[in-house]
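This report introduces selected features of one structure to a reader who has not met it before. The account begins with a sheet and then turns to helices.

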Amino acid sequence: MAIPFDSNGIVSMKDYASEVQCTWCDGCGNYGIWTALRSALVEMKIQPWEILLCYDVGCHGNMADKIGGYRAHGLHGRVIPFAAGAKIANPKVPVIAVGGDGASFSEGVSHLVHAVRSNYPITFILHNNANFGLTTGQASALTPRGQKMNTSPNGIPERTLPSMDFIFSLEPTFVARAFSGNIPQLTEVLKKAVAHRGFAFVDVLQACPSYNHFATHEYLLEKCYDVATINHDAKDVAKARALAVDTSGKIATGILYQNEDVPSFYEELKPRQGRETTPAEEVRLYDVSEYMKAFI
Amino acid sequence: MTRVVLKIVGASGQGINSIGEVLAKGLKRSGYCVFGYREYPSLIKGGHASYQIDVSDERVGSSERKAEVLVSLNHHGLQQNLRDLKDGGVLIHSTAGWKFTPEDEVLLKERKIRVVLLPVDAILQKLKAKPILANVLIAAFVWKVLAKDRNELKTFVGERFAKKKDLLELNMRCIDEGFDFSDPNVGDVSVALPPAQEQWKKQMLLTGSQAMGLGAVHAGVRFYAGYPMTPSSPLLSYIAELQNQTGMAIKQAEDEITAAQMVSGGMLMGARSLTATSGGGFDLMGETLSLNGILENPTVFVLAQRPGPGTGLPTWTAQADLLMAVHMAHGEFPRCVMAAGDGGDAFHLMAEAFNIAEEFQLSVIYLSDKHLGEALYTQAPYDQSGTALRRGKLVTDPAELSKLKSSDRYDPSVSEGVSKRWLPGTKAPVFCAQGDEHNGQGDSIEGAENALQQTEKRLRKMEALQKSLPEPELLGAQDPEILLVSWGSNKTLIEDLLRDPALEGKKVGFLHYAYLWPLKTGRLMALAEKAKRTVLIEVNHQGQLGQLIRMECGLAITDRILKYDGRPFYYDELRERIVTILTSDVPGTKTVASKSRSTRSR
């Protein structure tokens, strides 16, 4: 179902402004993601009333009242099914779900698995700072092993979860990686993600100056490069997976993989095919006389 | 009431449901009120299961413990269910060469039970028919025992196979074989049914789950998300079965948390969305329930009860999750709890659940149980003209939308605590559906004064909701000397009992609670004060409704009839227990600190 963006009114950054002051630490990667997200929405000419932004609970979730648009700020780990349910109810509204690596790869990891598998037509922005920030720096599943963290003075006993290999094993239809310090590139990535047919997974590497002392802003700035510079073919899944997984040297960013041939979950729902209206628009009382006949 | 009970027993997967369905629907079509009740273990094949049909010319909504006709599809039933037969009953089985124990032989003789060996396998072999046709063959023989017309059954079965000519022919031959068979050792046996009544022929025969499903479709539910769990799954199955006709979006979610979150997202966008689960799944939904409390997001959860704790008795029944429904999840927030009592309620309460959820912007927990969900009710086609679509303060008109301010969404100053609500995607000032404590527009605010205002705003809805809910329905005597108090699926059973000679002339009234939270106690208090005896009837150990009543108004009901073995009350069982209480001298009801809560105007 095509999303009818209202392009008549001119949308500006002001429309997405909030009077609530930011509460992130100085140097937090969230500022970059926040700016790129607003820029992408403005450049796509999406009015604040046309979008739904859904936030998980974590440092990133404190963005919920620092930005315009209709927003929902729900439970830790559960943003994906909330956003998917909202999208199914009204597929005309673009829905962006935002979560951190703590929630998305621990408490809510099952939802991530089934979102990729279901190919819900939503965008998922992963704020990846490789730790639980809001609870003061505990190790997440993506924290490199051996790092001393709050509650793990000896480092964590578990191995680090290979997140990109994991995502690719689920046969995704859109995988991008970006760096919060490269706002122009992230803006372009987000625009493509929102326009994607199915589930768009956007892994944003970001600094956490308070608790992540290993992957700092400078480290990421040094390591990240844009795959556009190497003429990467985003249709080549094997190449994309290899690029995504190997971060030992440089880190590839940009659209790593995209497949527009797979229908979204909503498109696959037979009862919804050919309907112009959304489930939200169809709420009224229905006559069940026909169905009652089967019981007589 | 004249009641004839048919019981079919055998292994799960042996076809007892098919026989039961043919007989239940056939008899209803023929002019009888039918109540169906199934028992089965938590497995797919094997185990011991039963399908019981209580048949009457009058309204019947309960099961008796003993049957006039018992059909046993295996030797296990012959061992285990012999004592389920009434004196003079008929036992039909197909286990060739079966030898009863000497004790059983004595029992059969004493009770004058007639045993018929129906050679099912031999007949099917003769017809070159597949084993599945045993169902219609056995049903035909039972039909004959009930002295019903052969062609009536043929017409009914014929409709089912109208499009499959080859099968139709074979089915008709099976009916003839069933009718023509006579056990040479016993001769023709018959069990008399009362005269058929026209009024039942055009009624429906459906399960509580199907009634709830029809109710959901009628109420405008356009999105259903669920995770399979007995006894909520039949609702999911029925709604899924209808999807190509209704156009409803259906999602079988990865877990109950997902289902709860999805319907919450769906409701935020304005689509009536439903999920159903049982106790264990509802445990998982608790955090989402709390979230919807602070989001003021209207949601409806069906909680189909079964005995816990843990996995408990997965395929049996209980009313033991009432306190959970009322109290579950962290924080203080308003909610409504209701329970369906029969095939009518199951349908009509669904629209009401969504109306209340949207009018008061809160979660409604709709309780059912295994008994309600799987019992077969004879039910008049629903009168749909009385249903209203009430969406409360939902703003959809463009002119009204343009007048809104973002801070209207959670404006704490509104009367009754219900503020304006509008949907993401509509052209209006935006807000944040905020799970943190928040101000009017959903900005996270941690101030003390704001926390007071928002908490009070949300909980004011409870007072308004309580005023708007109806008092419990009083059935039977309107000036009762004996007052029975109950809820949920006990309703049809107690209604049957009100007409029983054992209780007739005793001025027995029955107060049925469909709305359980917030609890209305005014009518109860007035009636209990005048009644000689007040008796609480529940399918749980603690008398959970009794606990809520005492908590809310101080009335302690000490005459309690409770059951917690996974089975519903049977008709004759409950009658005995009521009579026992009525003939005992122990003083019943007493009031403890009854006036201390009167300021809350119940």
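In chain B of this predicted model, seven strands make up an open sheet of mixed pairing, ordered β9-β8-β10-β11-β13-β12-β19. Its edges are formed by β9 (249-252) and β19 (515-517) of chain B, each of which pairs on one side only. From one strand to the next, the twist averages 25°.

Within this sheet, β8 and β10 of chain B pair in the parallel sense, over three bridges. Y224(B) has L274(B) of β10(B) opposite it.

Helix α13 of chain B, formed by residues 279-295, lies across β10, β11 and β13 of the same chain B. Its direction is at about 160° to that of β11(B).

The strands discussed above, other than the edge strands, have the following residue ranges.

| Strand | Residues |
|---|---|
| β8(B) | 221-226 |
| β10(B) | 272-277 |
| β11(B) | 299-305 |
| β13(B) | 363-369 |

A further helix of chain B, α22, comprises the twelve residues 571-582. At 1.5 Å a residue, α22(B) should span 16 Å, and the 17 Å between its end C-alpha atoms agrees with that expectation.

Which residues of α22(B) are buried? They are Y571(B), L574(B), R575(B) and I578(B). Because these residues cover an arc of only 105° around the axis, they lie on the same side of α22(B). The elements covering the buried residues of α22(B) include α19 (491-498), β20 (533-538) and β22 (559-562) of chain B.

Key. Residues are numbered from 1 along each chain as its sequence is written. Chains are lettered from A and ligands numbered from 1 in the order in which they are written. This is a predicted model: local features need pLDDT of at least 70, side-chain atom pairs count only at pLDDT 80 or more; totals for chains, interfaces and linings use all residues. Helices (H or I, at least four residues) and strands (E, at least two) are DSSP runs, numbered from the N terminus. The expected span of a helix is 1.5 Å times one less than its number of residues. A residue is buried if 20 or more other C-beta atoms lie within 10 Å of its own, exposed if 12 or fewer, and partly exposed in between; C-beta atoms are placed from the backbone. The arc is that of the directions from the helix axis to the C-beta atoms. Two residues are in contact if their C-beta atoms, placed from the backbone, lie within 7 Å. Two strands pair if DSSP finds at least two bridges between them. Axes are lines fitted to C-alpha atoms, for helices over the stretch in contact, and angles run from 0 to 180 degrees between N-to-C directions.
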